[in-house]
Amino acid sequence: MTHKHKTQVCIIGSGPSGLLLAQFLAQAGIDTIVLDRRDRAYIEGRIRAGVLEQGTVAALEDAGVADRLYAEGLRHDGFDLAFDGTRHRIDLVGLTGKSVMVYGQTEVTRDLFSAREKQGQTFFFNVENVVPTDLKSDKPIVRFRQNGEDHTISCDYIAGCDGFRGVSRAAIPSDVLKTFERIYPFGWLGILVEKPPVSDELIYANHARGFALASMRSKTRSRYYIQCDVADDVALWSDDRFWEEFAARLGPDTAASLQTGTSFEKSIAPLRSFVAEPMRYGNLFLAGDAAHIVPPTGAKGLNLAVADIRMLSRALITHYNASNDIYLDTYSETMLKRVWKVERFSWQLSTLMHQFPENSPFEKRMQRAEFDYITSSEAASKVIAENYVGLPLE
Ligand code: FAS
Ligand code: PHB
């Protein structure tokens, strides 16, 4: 027996992209069904992004899920770039008039999940064998299994919000899909520790031993990263070894304020730049990590996903509520213009701030020259600042 369902938009994936899309569509009275291969507890438990652009904050406010963000988030008016211990503050507000908000993706996801209970939307968790089909028809179908039973969803549109390793992108025929990728020769080893942050603002540090990032989740909880070998084993990184390496890369002046302690989360994430074109095939639309990945250096992954959802929700709402497909028809082209600009910034900042094994002494001098140029030129600092706070939506 196959359970048959019908909806207007089937959303595959309930990470930030899928949850925010479901929220915007519910507000507009558009029916959705959301599928995820995991459950809420697993999804909320993933430690990921930490910095929200003002555009993301505005989107979450429009979605009606920003109360806790405003109550608990930390507004940051700048951040530091450091090179071998020398620090230079990028004055975001002074250079752009904008700030960013430090508020973990875990919290954003929690806020979105809480909102969905009020919206009474249909969610299927722990699903398997999700297959989007009939993408070119006006009634695409999503098949899946749950608890050993077969289900089909007939819908008008499918939103592929299922992340980098999802099934949506793979449903686009290989003679149509073009992908672009840059895999970085290192990873990020990240920890969470219940200790006050070493600095009030974030510090991105390039040191001869490697990159380090001092971030936070609150005034009592720090989120720290160090560049590590992509094949590194997190089990070989004791807290003591991490603290010694992190302090060395921050430099003695900054490390003097470092409060160390026992980490309660420790993991290694690989870094890649990735773009899939097009972001639409028939009535399948890709959004978020399903369509693109950026190295976390620029704090763009979550923010770019939100920008996709802003545009995709506007497109679907205009279709249903104004019988106008202008934004559906231009979604892929419009978003890819933004995606590539964000990819450029994330790649450029990663190239500036990390030690690349293949870099010759010349490239190392180029990194230092770029840092010296940024610290001595308001124009160069402004380029960093306007990308970090988020480029305007088209
Ligand atoms: P997500 O990957 O968050 O969500 C996709 C969802 O789809 C998941 O819940 C998954 O279970 C589900 N799914 C997958 N396949 C499915 C299938 N076949 N059927 C049903 N459901 C399926 N960004 C930053 O800005 N800063 C950071 O520091 C940062 N750190 C990161 C660290 C890691 C380890 C990773 C992987 C990403 C990081 N990111 C960071 C980027 C991250 O925040 C993403 O941009 C963000 O999660 C994108 O959200 P979604 O597009 O919803 O994708
Ligand atoms: C984080 O706090 O997890 C974070 C902040 C800024 C980044 C990347 C990660 O660029």
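**Figure 1. Two strands help to surround ligand 2 in this predicted model.** Let us start with strands β16 (210-216) and β17 (222-228), each of which supplies at least two residues of the shell around ligand 2. The shell holds 14 residues, and those that come nearest to the ligand are Y204, S215, R217, Y225 and P296. Sorted by class, the residues around ligand 2 are 8 nonpolar, 3 polar and 3 charged.

**Figure 2. Oxygen atoms of ligand 2 meet polar atoms of the protein.** Look for Y204 once more: a polar atom of the Y204 side chain is 2.8 Å from an oxygen atom of ligand 2. The backbone takes part as well, with a backbone N or O atom of A299 lying 3.2 Å from an oxygen atom of the ligand. At R48, a polar backbone atom is found 3.4 Å from an oxygen atom of ligand 2. How much of ligand 2 does the protein bury? Taken alone, ligand 2 exposes 280 Å², and the protein buries 97% of that.

**Figure 3. Ligand 1 has a shell of 29 residues.** The closest of these residues are S17, D36, R48, Q105 and D289. R48 may be familiar from the previous view, where a polar backbone atom of R48 lies 3.4 Å from an oxygen atom of ligand 2. Two helices to find here are α1 (16-27) and α9, which each supply at least two residues of the shell around ligand 1. By class, the shell around ligand 1 divides into 13 nonpolar, 8 polar and 8 charged residues.

**Figure 4. Polar atoms of R37, R46 and L302 lie beside ligand 1.** A polar backbone atom of R37 is 3.2 Å from a nitrogen atom of ligand 1. For R46 the side chain is the part to look at, with a polar atom 3.0 Å from an oxygen atom of the ligand. L302 uses its backbone, where an N or O atom lies 3.3 Å from an oxygen atom of ligand 1. On its own, ligand 1 has 990 Å² of accessible area, and the protein covers 86% of this.

**Figure 5. Helices α9 and α10 pack against each other.** A pair of packed helices is described by the angle between the axes and the distance between them. The axes of α9 (residues 301-322) and α10 (residues 326-353) come within 10 Å and cross at roughly 170°. Angles over 145 degrees count as roughly antiparallel, so α9 is roughly antiparallel to α10. On the α9 side, the residues in contact include L304, A307, M311 and L312. Their partners in α10 include Y327, L328, Y331 and M335. Where α9 meets α10, the contact residues divide into 12 nonpolar, 3 polar and 3 charged.

**Figure 6. A close look at T334 in helix α10.** Which backbone oxygen lies 2.8 Å from a polar atom of the side chain of T334? That oxygen belongs to T330. Setting aside neighbours within four places in sequence, T334 is in contact with M311 and E394. M311 is one of the residues of α9 that meet α10.

**Figure 7. Helix α11 packs against helix α12.** With their axes 5 Å apart, α11 (residues 361-376) and α12 (residues 378-389) pack at an angle of about 100°. This makes α11 roughly perpendicular to α12. The meeting residues are Y373, I374 and S376 in α11, together with E378, A380, S381 and I384 in α12. These contact residues are made up of 4 nonpolar, 2 polar and 1 charged.

**Figure 8. Two loops have backbone details to look for.** Most residues other than glycine have a negative phi, and most peptide bonds are trans. D84 is not a glycine, yet its phi is positive, at about 45°. You can find D84 in the loop between β6 (78-83) and β7 (86-91). Elsewhere, the peptide bond from E277 to P278 is cis, with omega near -10°. P278 sits in the loop between β18 (263-277) and β19 (280-281).

Definitions and conventions
Residues numbered from 1 in each chain as written. Chains lettered and ligands numbered in written order. Predicted model: local features only at pLDDT ≥ 70, side-chain atom pairs only at ≥ 80, totals over all residues. Heavy atoms only, no water. Axes fitted to C-alpha atoms, helices over the stretch in contact; angles between N-to-C directions. Helix = DSSP H or I, 4+ residues; strand = E, 2+ residues; numbered from the N terminus. Parallel < 35°, antiparallel > 145°, perpendicular 65-115°, else oblique. Contact = heavy atoms within 4.5 Å. Nonpolar A, V, L, I, M, F, W, Y, C, P; charged D, E, K, R; others polar. Near = heavy atom within 4 Å. Polar contact = N/O pair within 3.5 Å; in protein donor to acceptor, adjacent residues only side chain to side chain. Areas by Shrake-Rupley, 256 points an atom, 1.4 Å probe, with all protein chains shown as cover.
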